[in-house]
Amino acid sequence: MDAKVLKSKLRGLLIGKKIYYYKEIGSTNDEAKRLTRLGIGEGTVVVSECQTSGRGKLGRTWFSPKGKGLYLTVIIQPFKTEGKTLPITLLGALSSARAINGLTGLSSRVKWPNDIMVNGKKVGGVLTEVSRTKKGTDAIVVGIGLNVYTEKKDFPEDLAASASSLSIEAAKKVTRSKLIKILLEEFEKLYFLLLAGKADQIIEEWKILSDTVGHHIKIRTGAGLFEGRVTGIGRDGELILKMIDGRIKRFTSGDIEKG
Ligand code: BTN
């Protein structure tokens with residue numbers, strides 16, 4: 001990927017106006033947090049060719065080999081979300097799915113809260129974290145990782161059965177700079193919707209692209225394993241579950257297992 005070509009392609013108003021590009025970095029999320037503390041502001045994007053300590057949700061590592069994936073973090077400072085990161089996580093996954101579907105012809109889906117799936121396998125994920133600005137206010141860093149050129153043989157054993165990449169699943173080759181461009185454009189459109197108080201439109205599209213609503217699932221959280229039928233996604237992105245005993249429970253994080 002050529003950083004200059006990438007920068008020249010970005011046409012958005014806000015997201016991607018400033019790009020920090022690295023050949024190698026620990027984690028783009030960690031770098032984005034460092035930048036926010038220095039006063040680097042909203043819309044800045046950190047991109048790297050590889051990550052030596054890429055992080056996934058629940059303290060997992062994110063497999064980030066050189067030249068095979070897309071590893072980026074968007075810095076935002078939304079004034080209305082008051083530290084709530086879940087709608088932003090959904091937004092990150094939705095913009096990724098939109099970009100993939102538009103460019104590759106694949107029908108990628110989203111799996112609550114942060115997975116991007118193709119043909120039932122995970123091709124990407126979103127890790128949203130809160131950071132501090134120089135002024136002491138909150139910023140949110142939205143990390144997106146997509147497996148683009150990863151081949152079957154590249155994946156470590158523990159991921160081989162559940163993970164895939166765009167080039168494994170799609171006949172058409174995608175270039176990462178095009179994928180980043182479209183992804184950031186879609187991110188910006190959805191972010192402006194969110195700022196305009198139209199989170200419900202994002203949730204509606206999310207429901208269409210997700211296989212979760214209406215399904216019987218098991219969800220594993222820090223508090224244990226819960227089972228029931230998903231009746232909806234709340235305005236703040238929370239998963240609403242009607243449990244077997246009839247009680248309604250709302251989740252803001254967790255790992256969904258099929259029921
Ligand atoms: C997950 O599904 O567990 C979330 C994965 C998020 C990975 C991305 S890659 C870019 C950014 N930097 C990181 O260290 N993690 C996120």
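This section describes the two largest pockets of a predicted model and the helix H3.

The largest pocket encloses about 680 Å³ of space. Its lining comprises 35 residues, and those nearest the centre are Arg60, Trp62, Asp115, Lys122 and Leu159. Several secondary-structure elements each contribute at least two residues to this lining: helices H2 (28-37) and H4 (157-160), together with strands E3 (69-76), E5 (115-118), E6 (121-132), E7 (138-147) and E12 (255-258). When the lining of the largest pocket is divided by class, 14 residues are polar, twelve are nonpolar and nine are charged.

The second largest pocket holds about 250 Å³ of space. It is lined by 16 residues, with Lys57, Pro113, Asn114, Thr252 and Ser253 lying nearest its centre. Two or more lining residues are given by each of helix H3 (86-104) and strand E6. Strand E6 provides the largest share, namely three residues. The lining of this second pocket consists of nine polar, five nonpolar and two charged residues.

Helix H3 was examined further with respect to its length and its surroundings. The 19 residues of H3 should span 27 Å at 1.5 Å a residue, and this agrees with the separation of 27 Å between the C-alpha atoms at its ends. Of these 19 residues, 16 are buried, so H3 is largely enclosed by the rest of the structure. Burial here denotes a relative accessible area under 20%. Just after H3, Gly105 adopts a positive phi of about 80°.

Definitions and conventions
Residues numbered from 1 in each chain as written. Predicted model: local features only at pLDDT ≥ 70, side-chain atom pairs only at ≥ 80, totals over all residues. Heavy atoms only, no water. 1 Å grid on protein atoms, 1.4 Å probe; cavity = no way out; pocket = protein on both sides within 12 Å on 5 of 7 lines; lining within 4 Å. Points joined across faces, edges and corners; volume = space filled by probe spheres on them. Helix = DSSP H or I, 4+ residues; strand = E, 2+ residues; numbered from the N terminus. Nonpolar A, V, L, I, M, F, W, Y, C, P; charged D, E, K, R; others polar. Expected span 1.5 Å × (residues − 1). Buried < 20%, exposed > 50% of the residue type's maximum accessible area, 1.4 Å probe, protein only.
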